[in-house]
Amino acid sequence: MFTDIHTHILPGVDDGCKNLSESLELIKSELENDVKKIVLTPHFNCDGDNFLNRETFLAKIKELKSCVKKNNIEIDIFPGMEIKASFKILDFLNNKDYLLTLSGKKKYILIELPFTHLPYDLIELLFKIKLYGLIPILAHPERNEVIRKELNFLRKIKDEGSLIQVNNSSLIKRSHPESYKCAVKMLKVGIVDVIASDCHYMEGRFSNFEIAYNTLKKIAGRDEANRIAIVNPDKILKNEDIL
Ligand SMILES: [Fe+2]
């Protein structure tokens, strides 16, 4: 049974699901993949000017939950956010109008990198986020072109206390060969903490949990696959420490 800590299932808020019926389709794909708990993590772009505040976010989650219930679907849904890596985030972290952490508790925060470059002074930014008592989880660094060439930099980020999340789709060679190559290297040097779907819509960006879990088992062995795909996501959701 899996917990998915990174999804764009909440409808009409970002580049994920457009409406409730698309959300239901993705939720069904999660269930088919034995996912029983999902965290909704819409994009939060601190450099933009249109932010999803707590009140609107919770109202939208309530609407999705009631639709799920009406359709007799059994899945637990939690709030979260995927935050663009920017120093501007520091202006929001103490603002109670925004729900920015995973499962709404003050422990884990999902941080997104750009694809083509690294944000200005990322190490310092992550350090400052940690000063708020939060543990950053770096979302899909294997998709970043610089990190693919500089795995030592990722090791440094991890050694300094951030966690590393790889996308399920990056564990499918034919879909994303470059990300796959990097994800395999990351697994071999032991710097992956958690996988998640980062699902957006059914065409190409869906759950993929079963296939990713099987790849993990082949590359890293059953114990490590269980730690990355089952134990750690569950701990993150429960606000427990990951050793
Ligand atoms: Fe995402």
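The legends below accompany several close-up views of a predicted model.

**View 1. Three parallel strands make up an open sheet.**
Welcome to the sheet built from E1, E2 and E4, which follow one another in the order E1-E2-E4 with parallel pairing. Its edges are strand E1 (2-7) and strand E4 (76-79), each of which pairs on one side only. On average, neighbouring strands here are turned by 20° against each other, direction ignored. If you zoom in on strand E2 (residues 35-40), you will find 4 bridges linking E2 to E4 in the parallel sense. A handy landmark for this pairing is Ile38, which stands opposite Ile77 in E4.

**View 2. Helices H2 and H8 meet the sheet of E1, E2 and E4.**
Helix H2 (residues 54-70) lies across E2 and E4, and runs at about 175° to E4. Helix H8 (residues 222-237) packs on the sheet too, where it touches E1, E2 and E4. The direction of H8 makes about 65° with that of E1. How far apart should the ends of H2 be, at 1.5 Å a residue? The 17 residues of H2 should span 24 Å, and the end C-alpha atoms are indeed 24 Å apart, so the expected and modelled spans agree. Just after H2 comes Asn72, with a positive phi of about 55°.

**View 3. Helices H1 and H2 cross at roughly 65°.**
Two packed helices are described by the angle between their axes and the distance between the axes. For helix H1 (residues 20-32) and H2, the axes come within 11 Å, and the crossing is right-handed. Which residues meet at this contact? From H1 come Leu20, Ser23, Leu24 and Ile27, and from H2 come Leu64, Cys67 and Val68. By type, the residues of this contact divide into 6 nonpolar, 1 polar and no charged.

**View 4. Phe2 sits in strand E1.**
Is Phe2 buried or exposed? Phe2 has 24 other C-beta atoms within 10 Å, and because 20 or more are needed for a residue to count as buried, Phe2 is buried. Leaving aside residues up to four places away in sequence, Phe2 touches Asn33, Asp34, Val35, Phe209, Ala229, Ile230 and Pro233. Of these contacts, Val35 belongs to strand E2 (residues 35-40), while Ala229, Ile230 and Pro233 fall in helix H8 (residues 222-237). For a sense of scale, the C-alpha atoms of Phe2 and Gly133 are separated by 27 Å, and these two residues are 131 residues apart along the chain.

**View 5. A second open sheet holds six parallel strands.**
Here the 6 strands follow the order E3-E5-E6-E7-E8-E9, and the pairing is parallel. Strand E3 (43-44) and strand E9 (194-196) are the edge strands, so placed because each pairs on one side only. At the E3 end, 2 bridges join E3 and strand E5 (residues 82-84) in the parallel sense. There, His43 stands opposite Glu82 in E5.

**View 6. Strand E8 is largely enclosed by the rest of the structure.**
How many residues of strand E8 (residues 163-167) are buried? The count is 5 of the 5, so E8 is largely enclosed. Leu163, Gln165 and Asn167 are buried on one side of E8, and Ile164 and Val166 are buried on the other, which leaves both faces covered. Strand E7 (residues 135-139) runs parallel to E8 and is joined to it by 3 bridges, with Leu163 as the bridge partner of Ile137. E8 and E9 also run parallel, with 3 bridges between them. In that pairing, Gln165 has Val194 in E9 as its bridge partner.

**View 7. Asp34 and Asp198 each have a positive phi.**
Most residues other than glycine have a negative phi. Asp34 has a positive phi of about 65° although it is not a glycine, and Asp34 is found in the loop between H1 and E2. With 13 other C-beta atoms within 10 Å, Asp34 is partly exposed. Asp198 is not a glycine either, and has a positive phi of about 50°. The loop that holds Asp198 lies between E9 and helix H7 (209-220). With 26 other C-beta atoms within 10 Å, Asp198 is buried.

Key: Residues numbered from 1 in each chain as written. Predicted model: local features only at pLDDT ≥ 70, side-chain atom pairs only at ≥ 80, totals over all residues. Axes fitted to C-alpha atoms, helices over the stretch in contact; angles between N-to-C directions. Contact = placed C-beta atoms within 7 Å. Expected span 1.5 Å × (residues − 1). Left-handed = near helix turned anticlockwise from the far one by under 90°. Nonpolar A, V, L, I, M, F, W, Y, C, P; charged D, E, K, R; others polar. Buried ≥ 20, exposed ≤ 12 C-beta atoms within 10 Å, placed from the backbone.
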